[in-house]
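Reader: I would like to learn how to read features such as burial, strand pairing and pockets from a model. Please take them one at a time, general idea before the case.

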Amino acid sequence: MASLGIPKSGFRLFQLRTSDTRSFFEWGLIFFDVLYDAITEQEYKEAELQITLGLKAPSAKAMPEKASSESATFNGAVLGTIAPPKAKDAKSNQISSSTSIFPDFRPFASFLSDVYLSYIFTSIFTSLIPTLFYFSVWELGLAGHELALLSTLSPVLLGIGPLLRWAKPRHGQTTLHLMGCLGLLAFVLDSPVLRLAAVAPATAMVVLRQVAKWCSDEGGEWLIMGLGWLMSSLSKHLNHSNNPLWPFVDRKNNLYNSVGFALTLAAIYETHTRPTVISSAPAKKEVKISTPSGASWFTAALPLGSFLFTVHSLIADPSTLIAWSWTGYQNGSPKGPVPHLHGALTLVVQCAGLLIPMLLVPLNAFDLLMHPAWFAFGALNAYIMYAYRNWTGYLGGLGLALFLMSITPVVLRRAVQTSEGGTVKVFGVAMGVYCLLNLASIFTVAYAFVPGGVYFRERTDCVLVAQMACLALAFRWSQVGYPQSLRVDVYPRNMMSSYSKALIAVISTLSVLGTLYRWPSSPPQPWKPGPRIFNAGIWTVHFGIDNGGRDSQQGITNLIRDMQLDVVGLLETDLHRTSFGHRDLTRVAIEQLGYYVDIGPGPNSHTWGAALLSKFPIINSTHHLLPSPHGELAPAIEAVLDIYGTEVTVVVAHNGQGTVQMPYSFRQNSKDSKEEDPLDRELQSRELARIMATSHPRPVVFLGYVVTKPHAQRPAPYYILVEDGQVHDIDEEDEDRWCEYIMYRGLYRTSYARISRGSITDTELQIGQFALPKHGTKVTNETRTARYLRSHKEILPEHHWFPMEYYGNEIQGGVNGHFYHVFGTPLYYNFPENAVV
């Protein structure tokens, strides 16, 4: 419930539903068992295998005559020869059937090796941009390291004839595999520069190897590539939205990296030692699909580049489509799908999409996937995903995911076939399109920090139109002039198709089981429910990248846990982009600690993101895009929480950057902040003040990044928020602030703490502790004197105290580099006389 945002009022119904979990498992297993049997039966029919039960087998005369031998093949390697049964006696015939039903284990091992190496390709390929974007985040602009993206253009090197001829055979593939392992080993490097120096050439090698593999035209590569993407998506779903093999994951959890590297070496060894037997029998079956005679390399390159980017940007993580559709809560329930629950549904639909061409080829109906009507289906769902929110928008996203996975063979085989006359042109241009679409999508939100970015501002619609326009070139738009054909390879006479379908079923099942495994058994509970107090914090978490360039989810969670925060506003959290790895920064905290969550505006809102974690039920929440006529868009979340039976409005906001040097004690190691238009700052502050004033007389807690000095005169934000918003600064005597502010109304503030950033981010954590008036009463005295009755912690009950372990400084004390700074201690305040709590 914590991660799913189930309201307390609806928990009883929720318990009734979860009590049927065992039945869900049983019926799910029955479904997949029947599905597997049906698929296996179809495979046996296609292979013309017979299973005989009893003492008597059919005679050889009753069997149709076949070729003298048939080869069992896997990705170009003939793994053995299956001879047809001889008509000697029933016993020999029966033994022949039995041995064909239970083949050698090697084909299965070969299949797993190829799929796993495809997963490794996807892992290294998707790790490049987050690794290099660390430097862009610190510079708040182009840092020069972005040139590492050009490593994906390595296919242009295949224009060197000897290199292409070397890269296609087994020894070349093995060498490139081993060189690509440098990207996996980069996790041992502590320096972000060195990690990028390892990941960039590794990406160049794996892309080069993958293109050479595609061009070898061994067949089935489209299926292996699709399964690799599914494996990557599944690994992120099961690992808090992080691919466990990325080199920038938490250094303390390197077991995954080590095991992954060992398995990679084993898979490379298997492919290198895979036996090859020469046979005159056909190794594969080709289904020929009409394509235009005038089809050019250019019209094949554009769809491939757009396909790679679209898959990477929209379905590389199962929760990205949900982030696009998310709008918050209404009447205590989410308005749409929730990332931690319905991400599994995204994966299941992706699996179904990859299964479609596998089912259509044997039916000679593959041509349907090239029909303009199928493209219209994909385009329509892309429009629904973009234009609508909540369940409607998510269903559009699911339709698009189904469409994208289903056209994998169409796009890839078209590119491979047209590349026979020019590998460099097709795949070089394809990767160029991939790079350009990546930059365009990033510039739609980072327009304030790049030259010419203003032309891309909020133009995700144009980027999406460009993606679909490029994909359209892969479809058949005319009935005239189709003498050529598109070869789509299938394997009806070996076990690869069965293995693939079984793996697809396993991936679907694991995605559901992973969700159920993390399903919380009870709703979130506040840390200290007895005294009716709660801790609220605001933290700008720098896109979940710590100062060493690694994922910081666990470090964020640890400090939230130690400070026992009941309400948390996290800023710079929208990571569902290729530049940030499509991560969900709230995932670890809500799964380990139990929180209701509002992940805030999605990537299609073009902000840097804001998220709200709450131990209390979220009754309603609204997302606001604050006025930004010139600068970057500013997100805000307005939520009404049920805190001990009292409705409290919580506002989480990020107003952008300013032009004044920040105090060292607040935002250490930071450069001068980038400019923000003063008009933007004023308009955003006025809108926030309006939101807080509108909720009067309901209690309010404001957790925001507003870019102002304390007591700065209008049009600076400070007095606009305090006076127009009818709230109090948490401590107006704290002059050493610049960005983060906590404000409140209708509550007793009992403590205020500032905790240094450590190595987690570039900004401190601020915490305010509040006590609610007794239910049915209000604050008795809100004069300045009553609000500033400073106290030592020993005067207050212990449940008001913050952890003693965090006393310290930069030299000693504290925990993981975090300590109470500025004041050296939390500030405590007494209740005013006659307060009723």
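Author: Start with burial, where buried means under 20% relative accessible area, exposed over 50% and partly exposed in between, with a 1.4 Å probe and protein chains only. In strand S20 (residues 765-771), seven of the seven residues are buried, so S20 is largely enclosed by the rest of the structure. Helices (H or I, at least four residues) and strands (E, at least two) are DSSP runs, numbered from the N terminus.

Reader: What kind of model is this, and how are residues numbered?

Author: It is a predicted model, in which local features need pLDDT of at least 70 and side-chain atom pairs count only at pLDDT 80 or more, while totals for chains, interfaces and linings use all residues. Residues are numbered from 1 along each chain as its sequence is written, and side-chain values use heavy atoms, with hydrogens and water left out.

Reader: Which residues point one way from S20, and which the other way?

Author: Leu765, Ile767, Gln769 and Ala771 point one way, Gln766, Gly768 and Phe770 the other, and all are buried.

Reader: Which strands pair with S20?

Author: Two strands pair if DSSP finds at least two bridges between them. Strand S7 (residues 533-540) runs antiparallel to S20, joined by seven bridges, and Trp539 stands opposite Leu765. Strand S19 (residues 748-755) is also antiparallel to S20, over seven bridges; here Tyr752 stands opposite Gly768.

Reader: How is the order of a sheet read?

Author: Follow the pairings from one edge to the other. One open sheet of six strands has the order S13-S14-S15-S16-S18-S17, with mixed pairing. Its edge strands, S13 (618-626) and S17 (728-729), each pair on one side only. Within this sheet, S14 (residues 634-643) and S15 (residues 646-654) are antiparallel over eight bridges, with Ile637 opposite Val652.

Reader: Which strands does helix H22 touch?

Author: Touching is read as contact, meaning heavy atoms within 4.5 Å. Helix H22 (residues 678-694) packs on the sheet against S13, S14, S15, S16 (700-705) and S18 (740-745), and its direction makes about 160° with that of S13. Helix H23 (residues 717-724) touches S16, S17 and S18, at about 15° to the direction of S18. Axes are lines fitted to C-alpha atoms, for helices over the stretch in contact, and angles run from 0 to 180 degrees between N-to-C directions.

Reader: Is Ile315 buried or exposed?

Author: Ile315 counts as buried because its relative accessibility is 2%. This residue lies in the loop between helix H11 (297-314) and helix H12 (320-325). Beyond neighbours within four places in sequence, the contacts of Ile315 include Ser233, Gln350 and Met405.

Reader: How much space lies in the second largest pocket?

Author: About 440 Å³. A pocket is found on a 1 Å grid over the protein atoms alone: an open set of points with protein on both sides within 12 Å along at least five of seven lines, and lining residues have an atom within 4 Å of a point. Of the 28 lining residues, the closest to the centre are Phe133, Ser136, Leu142, Glu146 and Ile442. H17 (423-443) gives the most to the lining, with six residues.

Reader: How many residues does the protein chain have, and what share is buried?

Author: The chain has 837 residues, of which 60% count as buried, and its secondary structure comes to 24 helices and 22 strands.

Definitions and conventions:
1 Å grid on protein atoms, 1.4 Å probe; cavity = no way out; pocket = protein on both sides within 12 Å on 5 of 7 lines; lining within 4 Å. Points joined across faces, edges and corners; volume = space filled by probe spheres on them.
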